[in-house]
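These are my notebook entries on a structure that I had not examined before. I record what I looked up, entry by entry.

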Amino acid sequence: MDKQSEFFLVLHEWLDPAVETAKLWLLSPAAWSQFALLIVAFMAARLLTLRTQPLFMRLITPPEGKTGYMVTARLFASRFLPLLLPLFAWAFTALGEEITRSLFGSGAVIAFGKRIFLFLAARIFVREVLRDSFLRLLGRYVLIPVAALYALGILDEISLRLEETIIAFGNIRFSVMALIRGLIAGSLLFWLGAWSNRQSADYIKKQEELRPATRELAVKATEVMIFGASFLLLMSIMGIDLTAVAVLGGALGVGIGLGLQQIAANFVSGIILLLEGQTTVGDYVELDGGEKGTIVRMTARACILETFDGKWIVVPNDHFITSRVVNYSDQGSANRYEAEFSVSYDTDINKVPEIIEAAVAALPFVLTEPDGPDCELRGFGESSVDFAVEYWVNGIDDGKNRFGSPVLFAIWNALKDNGIEMPFPQRVVHIRNAGAEAAGA
């Protein structure tokens, strides 16, 4: 009951002045004249908006089919046209307030109307101008309530109460107002940081004259700078001494040395990879552990490999520094492969190299530089004579059988066309004492 009584007492303290002010305005001829000025200001603003809005629309709307930064800027500016009415009304009301105060020495009613027009501008801004869902949410629950409190003339009093309300956590003390200010500023700063990071990343990735590794490094460096600056600015807004950040940095350094050294190693390894550029996005690599695939993404902690069957393998960056990595280079480099095959012992093996080299050379993807197909005798097996043909192609055979399968088909067809048999394993069985057993029978 005591808490309820205290609440009603505070509510009564706030409502009493408002009720007295309303009674005073209703009974005062000067207040009625100010109400009339407010109506005139609104009508003049509406008339001016109807006349000027089509003109502004024609000036701002870009021609059809045009693209570029200026077109984007003009389209963005056109979203603010709904604010013309409340802003014109606010301007006319401000002019009327100056005249009223100079003539009558009072302008409380018209000043209240001016604040109401600002509140309407805030509502239109949130509902019709803002398109981002996060900014619209922030506007609905922060900007509009603040504008409403300002319109009612109690924003300063509430702000003072919040400043005087202190929250303590041990030796750390801060006001509720500082906490609210920090939450709002932090939300805006990190939203702005994320947006600017996306824009800068898109711009950097479009610079095709830079190496992929350089682009990735520039993107990461820009991201660190943007969010680092946002964090320091937030600390300044909240009134936190930056020497505390230095102490936190020292503690973080100790933590890295004790428990986060693997994460730090991966981070430093990622920077080294981006700087050296020996492995970059688009390379087909094979690690000592057997992982192989195309690098599709390089992050601060790991590289992501995509295998030929669409699986993604996350490989920590330090594996590329501390272990052996086979880099098959990019898709435009020449690589050598070989295909093994066997022929029967009844074959004239002197003819095989010429037949196979001609068949493989006829394939459209097989190169003549740095060397043409080369068929070599590899050995004499139990049931066959073993050969292998080496050939050069542009790019890599990343497990999708882009080159190996057509080459094997060409070898098979060439051997069949020339009547050369590809043997299968054979065994000769000797039956001992067969004649004696037959005589005894």
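Is glutamate 390 buried or exposed? I looked this up first, bearing in mind that the model is predicted. Glutamate 390 has a relative accessibility of 11% and therefore counts as buried, the cut-off being under 20%.

**Entry: surroundings of glutamate 390**

I located glutamate 390 in strand S10, which covers residues 385–394. I then looked for a partner of its side chain and found a polar contact with the side chain of arginine 336, at 3.4 Å. Setting aside residues up to four places away in sequence, I listed what glutamate 390 touches: Arg336, Tyr337, Glu338, Gly372, Pro373, Asp374, Glu376 and Arg378.

**Entry: the chain as a whole**

I next turned to the totals for the protein chain. I noted 15 helices and 10 strands. Of the 441 residues in the chain, 30% are buried. I also looked up how far apart in sequence the contacting residues lie. Among contacts between residues at least 6 apart in sequence, 60% join residues at least 24 apart.

**Entry: threonine 294**

I examined a residue in another strand. Threonine 294 is part of strand S4, residues 292–298. Its relative accessibility is 18%, so threonine 294 counts as buried. Without its neighbours within four places in sequence, its contacts are Gly282, Asp283, Tyr284, Ile304, Leu305 and Glu306.

**Entry: helices H5 and H6**

I looked up how helix H5 is placed against helix H6, residues 133–152. Their axes come within 9 Å and cross at roughly 175°. H5 is therefore roughly antiparallel to H6. On the H5 side, I recorded Phe112, Arg115, Ile116, Leu118, Phe119, Ala122, Arg123, Phe125, Val126 and Arg127 in the contact. On the H6 side, I recorded Arg136, Gly139, Arg140, Leu143, Ile144, Ala147, Ala148, Tyr150 and Ala151. By class, this contact has 13 nonpolar, 1 polar and 5 charged residues.

I then followed two residues of H5. Phenylalanine 112 is located in H5 and, with a relative accessible area of 24%, is partly exposed. Its C-alpha lies 7.9 Å from that of glycine 153, although 41 residues separate the two in sequence. Leucine 120 is also in H5, which spans residues 108–129. At 33% relative accessibility, leucine 120 counts as partly exposed. Between leucine 120 and leucine 85, which are 35 residues apart in sequence, I noted a C-alpha to C-alpha distance of 9.5 Å.

**Entry: helices H7 and H8**

At what angle do helices H7 and H8 pack? I found about 105°, with the axes 5 Å apart; H7 covers residues 155–164 and H8 residues 176–205. The two helices are therefore roughly perpendicular to each other. Ser159, Leu162 and Glu163 of H7 make the contact with Val176, Met177, Ile180 and Arg181 of H8. I sorted these residues into 4 nonpolar, 1 polar and 2 charged.

**Entry: leucine 234**

I looked up leucine 234 in helix H9, residues 212–237. Its relative accessibility is 10%, so leucine 234 counts as buried. The C-alpha atoms of leucine 234 and glycine 182 are separated by 7.0 Å, with their positions 52 residues apart along the chain. Apart from neighbours within four places in sequence, leucine 234 is in contact with Gly182, Ala185, Gly186, Leu189 and Phe190.

**Entry: helices H13 and H14**

I examined one further pair of helices: H13, residues 352–361, and H14, residues 404–417. They pack at an angle of about 135°, and their axes are 9 Å apart. This angle makes H13 oblique to H14. The crossing of H13 past H14 is right-handed. In H13, Ile355, Ile356, Ala359 and Val360 meet Val407, Ala410, Ile411, Ala414 and Leu415 of H14. Which classes of residue form the contact of H13 with H14? I recorded 9 nonpolar, no polar and no charged residues.

**Entry: a peptide bond**

Last, I looked up the peptide bond from glutamate 369 to proline 370 and noted that it is cis, with omega near 5°. Most peptide bonds are trans. Proline 370 is placed in the loop between H13 and strand S9, residues 374–380.

Key. Residues numbered from 1 in each chain as written. Predicted model: local features only at pLDDT ≥ 70, side-chain atom pairs only at ≥ 80, totals over all residues. Heavy atoms only, no water. Axes fitted to C-alpha atoms, helices over the stretch in contact; angles between N-to-C directions. Helix = DSSP H or I, 4+ residues; strand = E, 2+ residues; numbered from the N terminus. Parallel < 35°, antiparallel > 145°, perpendicular 65-115°, else oblique. Left-handed = near helix turned anticlockwise from the far one by under 90°. Contact = heavy atoms within 4.5 Å. Nonpolar A, V, L, I, M, F, W, Y, C, P; charged D, E, K, R; others polar. Buried < 20%, exposed > 50% of the residue type's maximum accessible area, 1.4 Å probe, protein only. Polar contact = N/O pair within 3.5 Å; in protein donor to acceptor, adjacent residues only side chain to side chain.
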